[in-house]
Each structure stands twice: as structure tokens, then as C-alpha cells.
Amino acid sequence: MTKTLSARSSRALTVCSLLVIIASIPALGFELYDALSGVPAATAGIAVGASCLSALVGLVFLAVVARGGPSFLSWIAAFAWGTGGALIMAGFGNDYVDGVVEASALRSETVYFVTSVVTGPVVEESVKGIGVLILVLAARAVLERPSQGAVLGALVGLGFAWGEDIGYYVAALKDGMSGLWESFLARALLGAFGHAIFTGVFGFALCWAILRAKNVFVGIAAGLGGFAGAVLLHAQANGVGFLAPEDSWNLTYGSIEIPVFIVSVALLVWGLRRRRATLEA
């Protein structure tokens, strides 16, 4: 009976992962066409290569510490959702919300701040979270520890950053390689996998709710708390970048975001190793 349930759970996760991948492919194609249309081949290649470099580092790290659970296909689906479904939904969502805010009586500086620090994080974490929610629910019977949910969330965030960064790097290359380096420094090094961290918090909370919550109310509260945490982390990162003094922007931004990255990595590794050690004992 247990084997039958396990087999059904695995099939459900496989089917769900395939559906997410299939749904994400057209969106990914549209995003790439939109970002690279009319761009010289050399510029497109450099931008895609720079974006792939940071994504590859994140993927290798997760592969080493998480060992592929709950399934390799779910990893592909999570990354694909970030690059495709989440990115295109965020684009349309941000455009609509930005238009509403811009039509208000707010000053232009206030509009920029609100869309960067308030509405942007809410929209982007919402659409990224849809994929995390789908995959975590599909994998609920085969999940063993909350940190696996964090990994799925981080994969969605990595995919989202990969697709988003291509557009930023294409724009930065208008100022040559120095422009690319400045953008890469801010997004890939000082930003230190921010999208993966934000959405990873939500994934952890969802998985904790499924595996640890004593009742449905505690589970809902945990999920909402995780979403709020993801939005707040996203908002603070955008806020620091927005408010940091121009003459010390890199120092200010990096001094806050790099420690956030280090703590997040430490907690993820601890969560995965702790559960593994308990099982081996």
C-alpha cells in the first residue's frame, strides 16, 4: 500500500512538473524574443552568457547541497517557471500596476519609489510563488524536510533572475563592457542571488506548513508569513538600492545584501544537513 501511494505521488509530481514546463516554454520564447530582438548577435551572446554564468553557479551549489530532491524533473519545472511563466506574468503585472500608480496624483519620484519598493516585490513574489505553490503541493507526499521547499523556491528565483538579467545586460552593454561589469557587479555579485533567497523563503514556509503544521490554520499562517517574508526581503533589497548614496552605492548595497546571502546559505545548508544527519543516525 505504501509503495502504491509513493508511486502515485511520484506520478503526480511528474505530470505536474511536465505541465509546468510545457506551459513555461512559450512564455520563455516570448521573453527571449522580446529581450534579444534587434540586438546584435555578439551583444546577445555576451548578455546570455553573463546571465548563464551566475545561474550556473547557483544551480551547481543547489545540486551539491540538495542532491536533486524531490525529483530532477521538478527542478527543471521550477527553473522553467521562473524563466517563463513567472517572468512574463510579472512583466504584464508590473506594467499594469505601474500604470495605475503613475496615473495617481503622486510625484514622479514617489511613483518610482512605490513601484520599486512596494508594488514590484508584491507582484513578482506573487507570480513566482504560484509555481512554488503548485510544485510543493504536487510533491507534498514525497517531501521529507522544509528545506526542500526552499530549494524549489530558490530554483524558481534563479530562473526568474536568469531571464530578467538578460534584459539588464543587453541594456548595460550599450555602454560597452564597463557597463556590463557594473550591472553584473550589482545583480550577480552584490545582489548575491536575491530572487532565489526571496522565493526560497516562501518555499520553505509552504513546505514547513505541509510537514510540520499541527492544523490548517497554523499552516495557512505559515504560508502567508513566508510570502510576507519574501516580499519584505525583496522590498528591502530594492529599497537599499534605491536609497543608497551614489558615491558609495556598491559599498552600501553590498554590506547589507552579502550578509543576507551568507546567512541564507548557512540556514539552507544547516536545514538540509540536519535532516540528513537525523536520518543517518
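This passage looks at how several helices of a predicted model pack against one another, and at the course of one of them.

Residues are numbered from 1 along each chain as its sequence is written, and side-chain values use heavy atoms, with hydrogens and water left out. Because the model is predicted, local features need pLDDT of at least 70 and side-chain atom pairs count only at pLDDT 80 or more, while totals for chains, interfaces and linings use all residues. Helices are DSSP runs (H or I, at least four residues), numbered from the N terminus.

A good place to start is helix α5 (residues 146–172), whose axis comes within 8 Å of that of helix α6 (residues 177–190), crossing at roughly 150°. Axes here are lines fitted to C-alpha atoms, for helices over the stretch in contact, and angles run from 0 to 180 degrees between N-to-C directions. The two helices α5 and α6 are therefore roughly antiparallel (angles over 145 degrees count as such, and those under 35 degrees as roughly parallel). Their crossing is right-handed, a label used if the near helix is turned clockwise from the far one by less than a right angle. In this pairing, E164, D165, Y168, Y169 and A172 of α5 meet G179, L180, S183, F184, R187 and A188 of α6, where contact means heavy atoms within 4.5 Å. These residues comprise six nonpolar, two polar and three charged. Ala, Val, Leu, Ile, Met, Phe, Trp, Tyr, Cys and Pro count as nonpolar, Asp, Glu, Lys and Arg as charged, and the others, Gly among them, as polar.

Helix α5 also packs with helix α7 (residues 194–212), at an angle of about 155° and with the axes 6 Å apart. This pair, α5 and α7, is therefore roughly antiparallel too, and α5 passes α7 in a right-handed crossing. Among the α5 residues in the contact are G149, G153 and G157, and among those of α7 are G200, G203 and W208. By class, the contact of α5 with α7 holds 12 nonpolar, eight polar and two charged residues.

Turning to helix α2 (residues 41–66), its axis and that of α6 come within 11 Å and cross at roughly 25°. That makes α2 roughly parallel to α6. Here I46, A50, L53 and S54 in α2 meet M177, L180, F184 and A188 in α6. Seven of the residues in this contact are nonpolar and one is polar, with no charged residues.

Finally, helix α3 (residues 72–102) bends by about 45° at W81, the bend being the angle between axes fitted to the seven residues ending there and the seven starting there.

Note on methods: Angles under 35 degrees count as roughly parallel, over 145 as roughly antiparallel, 65 to 115 as roughly perpendicular and the rest as oblique.
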